[in-house]
Amino acid sequence: MSLIYRRKSNDPSFTHVIYDYIGEMKPFIKRVRKPHLLLPMVLFKSIEWGIYRWYKTPIRRFYGVKGNELIYMITNACNDRCPKCGIWERPEPRDQHLMIEHFINCLKRLHHNLYQVTLTGGEPLIFKKDVMLIAEEAKKLNVPMVTITNGRFLEEAFLTRYKELGHILVISVDSVEREKWNEFRGRKNFDIVMPKIMLAKEILGDQLRIQSVLSKESAEEIPKVRDWCKQHGIQFNIQYNQDFGGTWTNAISEEVNYDNDTPCAARKNICIYPNGDVVKCFDHRRIPLAKEPLGNIAKKDIIEILCTKRSTEVSKIMKTCNLPCKNMSCNKPQTLLFN
């Protein structure tokens, strides 16, 4: 549902409004079982849509106004071979990679609900053109964007345009020592990537962030990364190690006592896999009801997918979910992540 405030001069065009209305009504009409109720129900639905579309309202429908993060794992493929991560071992076949048009349509359909869109991988900049297309569209739709990268494919033209769009770039760095860097990345590219990080700092300024993964293997390196970031005026964040098929081990106990009174924020996430499959959380396969994706944006409209009964049930279950991934960055406000 388009949860809009007052229409502004830079809002999407009239054709987008028509597209938004049709996209909202089609799945609704399918749910009306009694033919004699179809016309009045469509009328009431149109009035409701108009209220949400054109006026401010305290009512929070769907997941809430600006209440969602759209996370797109744009690819499993990666040019690094980090032992902390096993995602790169399972690159998607090219013929199964989602066409960028499908994700752009998904972004357009959801943008009034989104406080942020995040691109991750694998290495997102393997698909640099697609990343920039998403960045341009996010800017048009007034949705902040974050791209998480290993920094290998950064170059001046990309960074300059990214800066103009006002988005955030997060570079993954687990050591600033050459030997450990090369070990942690599985590639001897320290001397290639470090100058690119400095170039990114020069061009992006405060739009650059550094993020490290804390594990038993990286524990001694993290303070060095923090100090390096402080020295260069770069905001820094620690992400706890999670099981994504790598060999690194957790630096914190699996029996951490989480705040049971705080629902897992990931229930409001909308996560897209490289092939277009939709899940609420990349780790919610541990929930029996959520082992299978909720749908696929190449085959079905994202609003229709998110309004299914199973999608609602998964979100309810995740309110009391207390798995270790509750410590991940997607469960913390962005303003508290980096310092």
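## Thr120 and strand S2

Thr120 is buried, with a relative accessible area of 17%, which falls within the under-20% limit for that label. Please keep in mind that the model is predicted. Thr120 sits in strand S2, which covers residues 114–120.

Who surrounds Thr120? Once neighbours within four places in sequence are set aside, Thr120 is in contact with Ile71, Tyr72, Met73, Ile74, Thr75 and Ile148.

## From S2 to S3

Let's step across to the partner strand. Strands S2 and S3 pair in the parallel sense, and three bridges link them. Leu119 has Thr147 as its bridge partner in S3.

Strand S3 spans residues 145–149, and four of its five residues are buried, so the strand is largely enclosed by the rest of the structure.

## The whole sheet

How are the strands ordered? Nine strands make up an open sheet that runs S6-S5-S4-S3-S2-S1-S7-S8-S9, with mixed pairing. Strand S6 (235–240) and strand S9 (295–296) are the edge strands, each pairing on one side only. As general background, strands of a sheet pair through backbone hydrogen bonds, in either a parallel or an antiparallel sense.

At the S6 edge, strand S5 (residues 208–214) pairs with S6 in the parallel sense over six bridges. Within this part of the sheet, Gln211 stands opposite Asn237 in S6.

## His167, between H5 and S4

His167 is found in the loop between helix H5 (156–165) and strand S4 (168–172). Is this loop residue buried or exposed? His167 is buried, because its relative accessible area is 2%.

A polar atom of the His167 side chain lies 2.9 Å from the backbone oxygen of Ala135. Ala135 also appears among the residues that His167 touches, along with Ala138, Lys139, Val143, Pro144, Met145, Tyr162 and Gln207; residues up to four places away in sequence are not counted here. One of these, Met145, belongs to strand S3 (residues 145–149), so you can follow the contacts of His167 back to the strand that pairs with S2.

## A nonpolar patch on the surface

Finally, here is something from the outside of the model. Leu43, Phe44 and Ile47 form a nonpolar surface patch, and together they have about 330 Å² of accessible area.

Ile47 lies in helix H2, residues 38–54. Why does Ile47 count as partly exposed? Its relative accessibility is 46%, and the partly exposed class lies between the buried limit of 20% and the exposed limit of 50%.

Terms used. Residues numbered from 1 in each chain as written. Predicted model: local features only at pLDDT ≥ 70, side-chain atom pairs only at ≥ 80, totals over all residues. Heavy atoms only, no water. Patch = residues over 30% accessible without salt bridge, like charges linked within 9 Å, V, L, I, M, F, W, Y side chains within 5 Å. Areas by Shrake-Rupley, 256 points an atom, 1.4 Å probe, with all protein chains shown as cover. Salt bridge = Lys/Arg side-chain N within 4 Å of Asp/Glu carboxyl O. Helix = DSSP H or I, 4+ residues; strand = E, 2+ residues; numbered from the N terminus. Buried < 20%, exposed > 50% of the residue type's maximum accessible area, 1.4 Å probe, protein only. Pairing = 2+ DSSP bridges. Polar contact = N/O pair within 3.5 Å; in protein donor to acceptor, adjacent residues only side chain to side chain. Contact = heavy atoms within 4.5 Å.
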